[in-house]
Amino acid sequence: MENLLNIFVKSIFVDNMIFAYFLGMCSYLAVSKKYKTAAGLGLAVIFVLGITVPLNWLAYNYLLKEGALSWISQDFATIDLEVLKFIVFIAIVAAFVQLTEMAVEKFSPALYNSLGIFLPLIAVNCSILGAALFLPTRDYTLVEATTFGLGSGLGWFLAVVALAAIREKMAYSDVPKPLRGLGITFIIVGLMAFGFMSFGGFELPFKRTGDQPTEEVSSIEKASTEDAVVQSVNITEEK
Amino acid sequence: MSTETIEKSEEKVVKAAEPLLSKKRRKLVTNPLDDDNPITLQVLGICSALAVTIALKGTVIMAIAVFFVLVSANVIISALRNTIPNRIRIIVQLVVVASLVAVVDQVLKAYAFEQSKQLSVFVGLIITNCIVMGRLEAFALGNKPWDSLLDGVGNSLGYGWIIIAIAFVRELFGSGKLFGAQVLGDWYLNNGFFATPAAACIILGIIIWILRARSGYTEE
């Protein structure tokens, strides 16, 4: 349970899809002009991530991983289908998004009007495929993977709503002309990411004591090892 | 910036060798480099632009990978454009792109294993790189293969020079190196800020500022 909470909090704040990995930036920038649309797409992302991540986990662990097919017969135990992971993951995401869109349209027109238009956009949202592609590099169980998916979605939601709120306020400020729109948005996102980086320094209090310390180090280091090297060099130099 | 000039000269070589390049077609290649840049104006493909630019080496590999995927996907989709049913075109595009990316991933794993580890998920994310999907939707579906090829070349170079420019600044100031070789001497104290993802955003913001101040484009 503590472990799950750990993964959940980490995927929202420390490993935030936007601020730590910059996944899903295109739609992030495109929909963050208005608070309402931002919240709509954010909800859709939580929903899709919460379901496609476990689906992709199943596909990876029972279909693609080396030896994953051994549940069919021992003859398949040496087969490694990992080459196909891109096609399988994207097919699952696209198919699921299409299905959801049709189901929502049929059963809940009200929800479709508020959410439905965003669903097709999501098939090409990097954060969905990105979350799936993180799975092979991390040894999650099914429950952990689901938690990770929901947490990442929530982190994305948080980021997009926050940026939309800032941009709505910013309509009244006097920004230099060439910087208006995209330019200033990037600088704001940079500053927000800088703020979120401070989460990386927190030791989560409910961390399990039995875990190996190396696994618990801020995941930004995992994303880019060089990054970590540079930072640690700086720290030692300052000392 | 030095990287920019390198690519511009490359493109001149292509122009001289190809008599097939009319004025209009030349525009397909040159426009995306500056006035109609996929990153700074069309706002496509930002994810990887920010995430991979920590060091020049990985960034150049990423730029080459995107170049390969975008050009080939553009040509393939353009050649198939009359046979793809409209309703399922997104899936068809995704399958073509995903297969090309799988090829790139395997080649990288075979010949540049260290780099492919460092780029981690971002090679796979070329599939959902909006530049690829955006160009397929907006251009390749309605144009002949040769034009689509030029469009792919132009857009991927436009993407490439921006990410290489960002990586240049980040690696130089973040670790005093270029392509992994020490450039700035011992006197330079590495600025950890440039190694963080946040810096990529701010540098990109400033690049957009400069480009738009030059072209006079404003957004309302």
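This section describes the interface between two chains, three helix packings and the salt bridges of a predicted model.

Chain A and chain B bury about 4,100 Å² between them, and 77% of that area falls on carbon and sulfur atoms. The contact draws on 48 residues of chain A and 52 residues of chain B. No charged pair adds to this interface under the rule applied, which finds 0 salt bridges across it.

Over all chains, the structure holds 4 salt bridges. One of them joins Arg138(A) to Asp15(A), with the closest N and O atoms 3.8 Å apart; this distance satisfies the cut-off of 4 Å. Arg138(A) is located in the loop between helix 7 (126-134) and helix 8 (142-170) of chain A, and Asp15(A) in the loop between helix 1 (2-14) and helix 2 (25-31) of chain A, so the pair ties together parts that are 123 residues apart in sequence.

Within chain A, helix 8 packs against helix 9 (residues 182-197) at an angle of about 130°, the axes being 11 Å apart. The two helices of chain A are therefore oblique to each other, and helix 8 of chain A passes helix 9 of chain A in a right-handed crossing. On the side of helix 8 of chain A, the contact involves Leu158(A), Ala159(A), Ala162(A), Leu163(A), Ile166(A), Arg167(A) and Met170(A). These meet Ile184(A), Thr185(A), Ile188(A), Val189(A), Met192(A) and Phe196(A) of helix 9 of chain A. By class, the contact of helix 8 with helix 9 of chain A comprises 11 nonpolar residues, 1 polar and 1 charged.

In chain B, helix 9 (residues 145-175) takes part in two of the packings described here. With helix 10 (residues 197-215) of chain B, helix 9 of chain B makes an angle of about 125°, and the axes are 10 Å apart. Helix 9 and helix 10 of chain B are therefore oblique to each other, and their crossing is right-handed. Helix 9 of chain B contributes Trp161(B), Ile162(B), Ala165(B), Ile166(B), Val169(B) and Arg170(B) to the contact, while helix 10 of chain B contributes Pro197(B), Ala200(B), Ile203(B), Leu204(B), Ile207(B) and Leu211(B). The residues of this contact between helix 9 and helix 10 of chain B comprise 11 nonpolar, no polar and 1 charged.

The second packing of helix 9 of chain B is with helix 4 (residues 56-80) of chain B, at an angle of about 165° and with the axes 8 Å apart. Angles over 145 degrees count as roughly antiparallel, which makes helix 4 of chain B roughly antiparallel to helix 9 of chain B. The crossing of helix 4 and helix 9 of chain B is right-handed. Their contact includes 19 nonpolar, 8 polar and 2 charged residues.

Note on methods
Residues are numbered from 1 along each chain as its sequence is written. Chains are lettered from A and ligands numbered from 1 in the order in which they are written. This is a predicted model: local features need pLDDT of at least 70, side-chain atom pairs count only at pLDDT 80 or more; totals for chains, interfaces and linings use all residues. Side-chain values use heavy atoms; hydrogens and water are left out. Axes are lines fitted to C-alpha atoms, for helices over the stretch in contact, and angles run from 0 to 180 degrees between N-to-C directions. Helices (H or I, at least four residues) and strands (E, at least two) are DSSP runs, numbered from the N terminus. Angles under 35 degrees count as roughly parallel, over 145 as roughly antiparallel, 65 to 115 as roughly perpendicular and the rest as oblique. A crossing is left-handed if the near helix is turned anticlockwise from the far one by less than a right angle, and right-handed if clockwise. Contact means heavy atoms within 4.5 Å. Ala, Val, Leu, Ile, Met, Phe, Trp, Tyr, Cys and Pro count as nonpolar, Asp, Glu, Lys and Arg as charged, and the others, Gly among them, as polar. Buried area is the accessible area (1.4 Å probe) that two parts lose on being put together, summed over both. A salt bridge is a side-chain nitrogen of Lys or Arg within 4 Å of a carboxyl oxygen of Asp or Glu.
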